[in-house]
Every structure is written in C-alpha cells, then in structure tokens.
Amino acid sequence: MIRIAPSMLAADFLHLEESCKVVNDYADIFHLDIMDGSQVPNISFGFPVVEAIAEVARKPLDAHLMIVNPEKYIDRFAAVKGMSMISFHFEATAEPLRLIEQIHSHGIQAGIAFNPDVPVESLFPLIPYCDFLLCMSVFAGFGGQKFIPETLDRLRALKEEIVRTGSNCELEVDGGVGESNAKAITEAGASILVAGSAVFKADDPAAIIASLRQ
Ligand code: DX5
Ligand code: ZN
C-alpha cells in the first residue's frame, strides 16, 4: 500500500486548518519537518504548531527531526496526541540504536532519516531495528527543491537489502516528490511518499494526492 504524507512545511500557515483538512480528507499521514537551524541550515516550526495540528489531525503524525541532540526532544514529540512515527537523522547521532529504543519505548514507529550523501550501505546494519527509513531525495533543510534522480538507485539497493533480510522496514522518500517521479519512486521500492510543494502549491491538492497514489 502506498501512503501519501503531505509535508506541512509547505502548508499555508495563515490558514493551517485548511491545509490540515486536505490531509484529513485525502491523504494518509501528517509529515512534520522539525528544523533547528543547526543540524540543517533552516528553522521551521516547533511545539506550538505541532500541537495545533495535533488538535485537528485525524491521520497519524510523522515527526521528521532535523535537529541536533534528538534524544533531548524525542519524549516530548512522542507525547503529542496522534504521534505515530518519529525519525531522526543518521548524521545527528553516534547512537542510532539507543534513539530507536527511546522511540519504541513510547510505542511509536522509529525511523532513520539520511541525506543523499550518506552511503546506503551504512544503513544496512540498522534495517532490522527500524520500522522505516526516510531516504532524503534532496538535502534536508528546505522545501521546494528538485528531486535528485540518483535516489532511485539508492532506493533499489535499500529495498534489495530489506527483501534479502526479510525485514518489514518501509522506505519513505522525502524531497521534490511529485507527479513526474512518484511512479518511479514506488517502483524502486518506496511505500511512503512525502510531498510538500506538489500538494500544497497545487490548485487541486486532492487530485494531486490521488495521482501520487497511482
Ligand atoms: C526537507 C523536508 C521535506 C520538504 C519536502 O528538508 O524534509 O519534507 O518539506 O518538500 P517538497 O516536497 O516541497 O520538496
Ligand atoms: Zn521531511
């Protein structure tokens, strides 16, 4: 099953409830990009916005933590109503297994996010412990960037290892996802598509979401 996770970073912050309605009515997951200005060169939003979204969300929340010292904030994100997936960046920790355990202790799915310059082989030993891997198809930090085509080969390699090891780990893809590449991305093995600009900058977000699912 393919699930669509609109990135709330591209939502209309003056009319956030409208954007939440789009996800509730047509999509599967609320993707929340948390940027601290240190792990990535941009600052997005924090708890007040996440909690406001949680109030109206009827679909699961997915927190993509692009922050240094993720262990400091995992418990607080885990406590947000409807939180069901949390990922931290591979580049942000020396102890990924400990963070996965911390996320799992809250009964929440744990994922590892990684930038396009991280060799996929370095994720292989972690696959058995992850519920999902968040494969960045742009460098984390900004919405609206162009999809890096080499991501498809990276997905294929990860998927092959997942199948080889009999793991249930899912592949989530994030960055520059849209109608022109969604099919290739799912064919390469991804089952969760994050899409910010493609959904929220469209005239008809519902139609785009439907088309991304195909
Ligand atoms: C980038 C974020 C993405 C981004 C996706 O660091 O993790 O989730 O908002 O936005 P688009 O779909 O516009 O590339
Ligand atoms: Zn993201």
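This is a short tour of ligand 1, its surroundings and one aromatic pair.

Before you click: the model is predicted, with local features needing pLDDT of at least 70, side-chain atom pairs counting only at pLDDT 80 or more, and totals for chains, interfaces and linings using all residues. Residues are numbered from 1 along each chain as its sequence is written, chains are lettered from A and ligands numbered from 1 in the order in which they are written, and side-chain values use heavy atoms, with hydrogens and water left out.

**Stop 1: ligand 1.** Select ligand 1 and show everything around it (a residue qualifies if one of its heavy atoms lies within 4 Å). You should get 20 residues, of which D33, G141, D174, G196 and S197 come nearest. Colour that shell by class: eight nonpolar, 10 polar and two charged residues (Ala, Val, Leu, Ile, Met, Phe, Trp, Tyr, Cys and Pro are nonpolar; Asp, Glu, Lys and Arg charged; the others, Gly among them, polar).

**Stop 2: the glycines.** Now pick the backbone of G196, where a polar atom is 2.7 Å from an oxygen atom of ligand 1. At G141, a polar backbone atom lies 2.8 Å from a ligand 1 oxygen, and G176 also has one at 2.8 Å. The protein covers 98% of the 380 Å² of accessible area that ligand 1 has on its own (Shrake-Rupley, 1.4 Å probe).

**Stop 3: the strands.** Switch to cartoon (strands are DSSP E runs of at least two residues, helices H or I runs of at least four, numbered from the N terminus). Strand 2 (30-35), strand 3 (61-66) and strand 8 (192-195) each give two or more residues to the shell. Which strand gives the most? Strand 2, with three residues.

**Stop 4: an aromatic pair.** The count of aromatic pairs is three (ring centres within 6.5 Å; planes under 30 degrees apart are stacked, over 60 edge-to-face, the rest tilted). Select F13 and F45: they are tilted, 5.9 Å centre to centre with 55° between the planes. This pair links distant parts of the chain, 32 residues apart.

Key:
A polar contact is a pair of N or O atoms within 3.5 Å; within protein, one must be able to donate a hydrogen and the other to accept it, and residues adjacent in sequence count only if both atoms are side-chain atoms. Rings of Phe, Tyr and Trp (its six-membered ring) pair if their centres lie within 6.5 Å; planes under 30 degrees apart count as stacked, over 60 as edge-to-face and the rest as tilted.
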